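Subject: Structure handover

Hello,

Here is the structure I said I would pass on. My notes on it follow below.

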Amino acid sequence: MSDTTVKIRLMRMDDFDAVVGIDERVLKSSRTAYYELKFEKLFNSKEYLPTSLVAEQEDGTVVGFVMGELYMGEYGISQQGATLDTIGIDPDFQHQGIGEQLMKEFMDHLKTLDVKNINTLVDKNDSQLMRFFTASQFRPSQTVVNLERIL
Ligand SMILES: CC(C)(COP(=O)(O)OP(=O)(O)OC[C@H]1O[C@@H](n2cnc3c(N)ncnc32)[C@H](O)[C@@H]1OP(=O)(O)O)[C@@H](O)C(=O)NCCC(=O)NCCS
């Protein structure tokens, strides 16, 4: 299925620019401040186990990423499970199986850490993401409801 050969590896602090760049191309707006906070939390705190991954080409160019959180409190891995916060594939590399590959490695990695469930929030109206998560075996949670109040 894949036209582009990629290697999946753990995300590093120096992937910051690549991640922000992909996110900007996907969303057509910049979220640098959001990622500054996120990277600070994930890479400079010992309370989170590394779970985030990137897909890189042979020349080292990062073309996709998945960011997750796995909180490791003083009692070990959180019973709440892990979250998948953001997934993004460079628009020039979408529909080549890279998202699927990233998701598979993300799941395999979490399984080795004995994580039992993964939560994520998706905009119901985002049909591309809804299709992707459904194909990746995510289902509406039976235990958690996202409540909101409009002001
Ligand atoms: C959704 C997204 C992650 C998918 O990545 P991708 O590399 O294009 O996806 P893949 O090529 O692996 O999957 C392509 C297709 O296979 C399907 N698929 C994925 N995993 C599958 C699986 N395990 N089994 C069967 N089908 C699968 C997908 O539903 C998708 O179908 P589509 O072509 O009809 O959309 C990507 O398009 C993206 O980054 N979109 C923007 C996401 C976004 O807004 N993120 C927030 C900001 S970064």
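I begin with the interior. Please keep in mind throughout that this is a predicted model. The largest nonpolar core is made up of 25 residues. Those with the most contacts inside this core are Leu53, Val63, Phe65, Val66, Ile98, Leu102 and Phe106. Five elements give two or more residues to the core: the helices α1 and α3, and the strands β2 (53-56), β3 (62-69) and β6. As background, nonpolar side chains tend to be buried together in soluble globular proteins.

Next, the chain as a whole. The protein chain has four helices and seven strands. Read from the N terminus, the order of its elements is β-α-α-β-β-β-β-β-α-β-α. A compact globule of 151 residues would have a radius of gyration near 15 Å, and the 16 Å of the protein chain agrees with that. Along the principal axes, the C-alpha atoms fill a box of roughly 40 × 35 × 35 Å. Of the 151 residues, 24% count as buried. If we take the contacts between residues at least 6 apart in sequence, 62% of them join residues at least 24 apart.

Then there is the ligand. Around the ligand there are 20 residues, and Gly88, Gln94, Gly99, Glu100 and Ala135 come nearest. By type, this shell divides into eight nonpolar, nine polar and three charged residues. The elements that each supply at least two residues of the shell are α1 (16-27), β6 (82-89), α3 (98-112) and α4 (127-135). The largest share comes from α4, with five residues. Note that α1, β6 and α3 appear in the list for the core and also in the list for the shell around the ligand.

Last, one helix that you may want to look at separately. Is helix α2 largely buried or largely in the open? Of its 13 residues, the number buried is one, so α2 lies largely in the open. The helix covers residues 32-44 and reaches 17 Å from its first C-alpha to its last, close to the 18 Å expected at 1.5 Å a residue. Tyr34 is found in this helix. Tyr34 has 13 C-beta neighbours inside 10 Å and therefore counts as partly exposed, given that a residue is exposed at 12 or fewer and buried at 20 or more. Between Tyr34 and Leu151 there are 24 Å in space, C-alpha to C-alpha, and the two are 117 residues apart in sequence.

Regards

Definitions and conventions. Residues numbered from 1 in each chain as written. Predicted model: local features only at pLDDT ≥ 70, side-chain atom pairs only at ≥ 80, totals over all residues. Near = placed C-beta within 6 Å. Nonpolar A, V, L, I, M, F, W, Y, C, P; charged D, E, K, R; others polar. Core = buried A, V, L, I, M, F, W, Y, C linked by C-beta atoms within 7 Å. Rg over C-alpha atoms; globule rule 2.2 N^0.38 Å. Contact = placed C-beta atoms within 7 Å. Expected span 1.5 Å × (residues − 1).
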